[in-house]
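Work through the exercises below with the sequence and the structure open beside the text, and try each task before reading its solution.

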Amino acid sequence: MADALVLGAGLAGSAAACLLARGGANVLLLERESRAHHKVCGEFLSVEAVAHLRQLGIDPAALGAAPIKRIRLLDGKMEVEAPLPFEALGLSRHALDEVLLSRAEAAGVKVERGVRVLELGGGGVRTSHGSRTGHHVLLATGKLPIREGNNSPPRRAANGFVGFKMHYRLAPPATRRLAGTIVLALFEDGYAGLQMVEDGRANLCLVLRRSRLPFIGGDWNGVRRWLGENPALRNLLADAEPLFERPVTIANLAYGVPAHHGEDGAVLRLGDQWGMTASLTGDGMAIALRSAFLAARCVLAGDAGSYPALIADEARRQVGRAMLLQNALQRPWMRLGGLRLAQLCPPLLTFMAGMTRLPEWELSDEGSGVIA
Ligand SMILES: Cc1cc2nc3c(=O)[nH]c(=O)nc-3n(C[C@H](O)[C@H](O)[C@H](O)COP(=O)(O)OP(=O)(O)OC[C@H]3O[C@@H](n4cnc5c(N)ncnc54)[C@H](O)[C@@H]3O)c2cc1C
């Protein structure tokens, strides 16, 4: 039996596994995918996410991450731009998750790829490759629910958002216009983010209400036409070369923090399994990493039971504010009023970007024991 059985090798799972192994625990990490893969994500690394990655010994800038210093908000023909209150970075999840997983392996974590977790229960899990057990189970399988013994059906109901992601090689003038900026385009039933990542690629990522899909054609071409309703976004994407055969997609996105049952420290919920913050604030990865630091700290101290209260204390306010903003922007009059205000006073945008951050953490040497 492993000291810690970590489920899912995304940011939360790999970071927790790495920290636990560095702390001397015997860790088994299970991941469904057998190789590096793309994930639906805006790939905007906030200042807190970057700080946590550096604590883990990973420098996103050294991996070619693109610097992002400004935010440009679009709604129809309206446009407002302001500096971010911090420097962010753009790096693909394809690259980042793989580096983090390799750090976990280098720290001594036993990794099993191509193993799908089917059900949790009884101090372990049932997987596509038999049962696995662990003294502590860390659930970090991301956005979609996992069956938990008798507690089925899954604990989250779908609230009707779908997500899409596509990488592009933009036309040179568009690349120049986008450099250093995260563009956020608001629509009636969703929003889209466009920014540069490494290797001169641009990442387009969006969420929209599922109920809107049939009205725009129900497929990626329809989504592209829907996005094209925004003239500035249409311009940026004109003559762009798609770099995937088809977009990466996810359905049934359930934002917010669900009520967790059985918070007794037996199963520690990390990252999106703890809760999903509004994507437009670009802080989900920071929450995933913070949850990993907290969970590893609690397990190594022999006090796993205090983890749920600690993560709630750290992240609930961020999720609350982010969800308020996301819900407000879904209402046309709030969107219009908000953008008019921001046009009159662009520092308001900078202020809002600062409001939706996790609390700062004093950085210690925690986790940085093995820096490759
Ligand atoms: C549209 C959208 C845009 C976003 N944009 C941003 C952004 O720009 N910046 C930001 O900070 N955050 C963003 N987020 C949030 C961010 O993507 C997540 O918060 C973050 O990925 C959570 O990390 P995680 O480790 O919890 O889950 P994930 O990164 O999803 O990792 C989960 C891992 O578990 C594996 N897995 C899943 N099911 C199983 C199973 N049954 N068995 C075994 N393994 C399994 C998966 O393959 C995956 O590797 C966005 C989210 C969405 C939906």
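## Exercise 1: A pair between helix and strand

Glu98 counts as partly exposed, because its relative accessibility is 28%. The model used throughout is a predicted one.

Task: Find the salt-bridge partner of Glu98, and decide which parts of the chain the pair ties together.

Solution. Begin with the charged atoms: Glu98 forms a salt bridge with Arg113, and the closest N and O atoms of the two are 2.9 Å apart. Next, place each residue in its element: Glu98 belongs to helix α3 and Arg113 to strand β6 (residues 110-113), so the pair ties together parts that lie 15 residues apart in sequence. Finally, turn to the surface: at 30% relative accessibility Arg113 counts as partly exposed, because values between 20% and 50% fall in that class.

## Exercise 2: Buried pairs

Task: For the salt bridge of Asp97 with Arg93 and that of Arg132 with Glu112, state where the partners lie and whether they are buried or exposed.

Solution. Take Asp97 and Arg93 to begin with, whose side chains meet in a salt bridge with an N to O distance of 2.8 Å. Both residues lie in helix α3 (residues 93-106), four residues apart, which is about one turn of the helix. Asp97 counts as buried because its relative accessibility is 6%, and Arg93 counts as buried because its value is 7%; the cut-off needed for this step is that buried means under 20%. The pair also belongs to a wider arrangement, since Lys39, Arg93 and Asp97 are linked in a network of salt bridges.

Now take Arg132 and Glu112, whose side chains meet in a salt bridge at 2.8 Å, again from N to O. This pair links distant parts of the chain, with Arg132 in strand β9 (residues 130-139) and Glu112 in strand β6, 20 residues apart. Both Arg132 and Glu112 are buried. The structure as a whole holds 20 salt bridges.

## Exercise 3: The shell around the ligand

Task: Describe which residues surround the ligand, which polar atoms come up to it, and how much of its accessible area the protein covers.

Solution. Start with the count: 35 residues surround the ligand, and the closest are Glu31, Gly42, Arg93, Val117 and Asp272. Sorted by character, the residues of this shell divide into 15 nonpolar, 10 polar and 10 charged.

Then look at the polar atoms. A backbone N or O atom of Glu43 lies 3.3 Å from an oxygen atom of the ligand, while a polar backbone atom of Phe44 is 2.9 Å from a nitrogen atom of the ligand. From Lys143, an N or O atom of the side chain is 3.5 Å from an oxygen atom of the ligand. Of the 1000 Å² of accessible area that the ligand has on its own, the protein covers 95%. The elements that give two or more residues to the shell are α1 (11-22), β14 (202-209) and α7 (284-300), and α7 gives the most, with three residues.

## Exercise 4: The surroundings of Thr356

Task: Locate Thr356 and identify what surrounds it.

Solution. Thr356 is placed in the segment after α10 (347-355), and it is buried, with a relative accessible area of 5%. A polar atom of its side chain lies 3.2 Å from the backbone oxygen of Met352. Leaving aside neighbours within four places in sequence, Thr356 is in contact with Thr281, Asp283, Gln318, Arg321, Ala322 and Leu325. Thr281 is 75 residues away from Thr356 in sequence, yet their C-alpha atoms are 6.3 Å apart in space.

Technical notes
Residues numbered from 1 in each chain as written. Predicted model: local features only at pLDDT ≥ 70, side-chain atom pairs only at ≥ 80, totals over all residues. Heavy atoms only, no water. Salt bridge = Lys/Arg side-chain N within 4 Å of Asp/Glu carboxyl O. Buried < 20%, exposed > 50% of the residue type's maximum accessible area, 1.4 Å probe, protein only. Near = heavy atom within 4 Å. Polar contact = N/O pair within 3.5 Å; in protein donor to acceptor, adjacent residues only side chain to side chain. Areas by Shrake-Rupley, 256 points an atom, 1.4 Å probe, with all protein chains shown as cover. Nonpolar A, V, L, I, M, F, W, Y, C, P; charged D, E, K, R; others polar. Contact = heavy atoms within 4.5 Å.
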